[in-house]
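Biologist: I would like a close look at a single part of this protein, taken slowly enough for a first-year student to follow. Please choose one helix, and show how that part fits into the rest of the chain.

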Amino acid sequence: MNVLYLKKAIIISLLILSICLLPSCRGAEDRVIAAGSTSVQPYAEILAEEFALAYPDTEIDIQGGGSAAGITAAQSGTAEIGMSSRALKDDEKGLWVVEIAKDGLAVIINPANAVSDLTLEQIRDIYTNDIVNWGEVDGSDAKIHIIAREEGSGTRSAFEDLVMGKDRLITPKAIIQGSNGTIRQLVAGDPNAIGFISLGLVDGTVKALRLGGVEASKENVISGSYKLFRPFLFLAEREPEGPAKQFIDFALSEEGQRILSNEGLIPE
């Protein structure tokens, strides 16, 4: 092999090596997958955007799928961070877990609906299909259109625990949707609909019901007067290290908690 060819080969090898030291070529060690709850997802995405400003070499890939999927992903190690919007069950408690915030659960209706206040028992009766007409709860004479989340959703699990109790089941006649956003959209477009979503996602397109006279608000969750709230959790197969730990630490930092509070969550 002549000397000139050898020198060229060495130069090319060094160029390839230098390119593969760039952040875009380093691969999985600089990419963190956080998967699970579609309720936690939009807040995690906001955190990831802010995190990227401080750690531009690390990619935080936020994925949905629901709380059950997030817990499974953490258990199997297919995601560095699982996301759940419900407390862990007994057979899931071997996971490493941290609560990043609390979230109120709002029962929502269309702003055109005259009803503004229901008791928990009335909401239970609506979701079991025992109350079928808004006229039964001082509304207009119209059939109630019940909208709920799918099985495996942390939002549904929280609603079942906090509202339905152990002995009451959501009617199979309910319209099932796969995210809080789609429930909000359907309720916003239907004067006779009722649904439940994250309190942080309530906007001017829907109306959050008062429960027994208590307004659904962050302040009332903090004071304890509004009883419908659930944890937002990050979890992992084992205690996170490296970029995953950096992202979780950011979520729990003063800046991260301020971001979550500004988005309507109740910080730790």
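Modeller: What follows is a walk around helix α5, from the chain as a whole to the helix, its surroundings and the loop after it, with two other parts at the end.

Please keep in mind that this is a predicted model. The protein chain has 268 residues, of which 45% count as buried, and its secondary structure comes to 10 helices and 12 strands. The chain exposes about 13200 Å², and carbon and sulfur atoms supply 54% of that area. If we take the contacts between residues at least 6 apart in sequence, 74% of them join residues at least 24 apart.

Helix α5 covers residues 120-127, and I123, R124, D125, I126 and Y127 in this helix are buried. A residue counts as buried when its relative accessible area is under 20%. What lies over these residues? The cover of the buried part of α5 includes the strands β4, β5 (117-118), β6 (145-149), β8 (193-198) and β10 (210-211), together with helix α6.

Let us take helix α6 from that list, and ask how the two helices meet. Helix α6 spans residues 154-164, and its axis comes within 10 Å of the axis of α5, the two crossing at roughly 125°. That angle makes α5 oblique to α6. On the α5 side the contact is made by L120, I123, R124 and Y127, while F159, L162, V163 and M164 make it on the α6 side. Sorted by class, the residues of this contact divide into 7 nonpolar, no polar and 1 charged. The spacing of such residues along a helix can be read with a general rule in mind. An α-helix has 3.6 residues a turn, so residues three or four places apart point the same way.

F159 of α6 deserves a closer look, since its contacts can be followed one by one. If its neighbours within four places in sequence are left aside, F159 touches I123 and Y127, and also L105, V107, M164, I170 and F196. F159 and Y127 appear again in the largest nonpolar core, which has 65 residues, and where they are listed with I126, W134, I194 and F234 as the residues with the most contacts inside it. Strand β4 (residues 96-109) gives the most to this core, with 8 residues. There is also a second, separate core of 6 residues, which includes I71, L88, L233 and L235.

Next comes the stretch after the helix. α5 is followed by N129, which is found in the loop between α5 and β6. The phi of N129 is near 70°, a positive value in a residue other than glycine. N129 is partly exposed, with a relative accessible area of 25%. The loop between α5 and β6 also holds D138, whose phi is likewise positive, near 65°, in a residue other than glycine. D138 is exposed, because its relative accessible area is 74% and the limit for exposed is over 50%.

The second core leads to strand β11 (residues 229-236), where L233 lies. L233 counts as buried, at 7% relative accessibility. Its C-alpha atom is separated by 9.5 Å from that of S67, although the two residues are 166 residues apart along the chain. Beyond its neighbours within four places in sequence, L233 is in contact with several residues, among them G82, M83, L88, V97 and V98. F232 is found in strand β11 as well, and F232 counts as buried at 0% relative accessibility. Leaving aside neighbours within four places in sequence, the contacts of F232 include Y43, I100, D103, S198 and L265.

As a last step, the pair formed by α5 and α6 can be set beside another helix pair, α9 (residues 242-252) and α10 (residues 254-262), which pack at an angle of about 60° with their axes 4 Å apart. α9 and α10 are therefore oblique to each other. Their contact is made by F250, A251 and L252 of α9 and by E254, E255, G256, Q257, I259 and L260 of α10. By class, this contact has 5 nonpolar, 2 polar and 2 charged residues, whereas the contact of α5 with α6 has 7 nonpolar, no polar and 1 charged.

Definitions and conventions
Residues numbered from 1 in each chain as written. Predicted model: local features only at pLDDT ≥ 70, side-chain atom pairs only at ≥ 80, totals over all residues. Heavy atoms only, no water. Axes fitted to C-alpha atoms, helices over the stretch in contact; angles between N-to-C directions. Parallel < 35°, antiparallel > 145°, perpendicular 65-115°, else oblique. Contact = heavy atoms within 4.5 Å. Nonpolar A, V, L, I, M, F, W, Y, C, P; charged D, E, K, R; others polar. Buried < 20%, exposed > 50% of the residue type's maximum accessible area, 1.4 Å probe, protein only. Areas by Shrake-Rupley, 256 points an atom, 1.4 Å probe, with all protein chains shown as cover. Core = buried A, V, L, I, M, F, W, Y, C linked by side-chain atoms within 4.5 Å.
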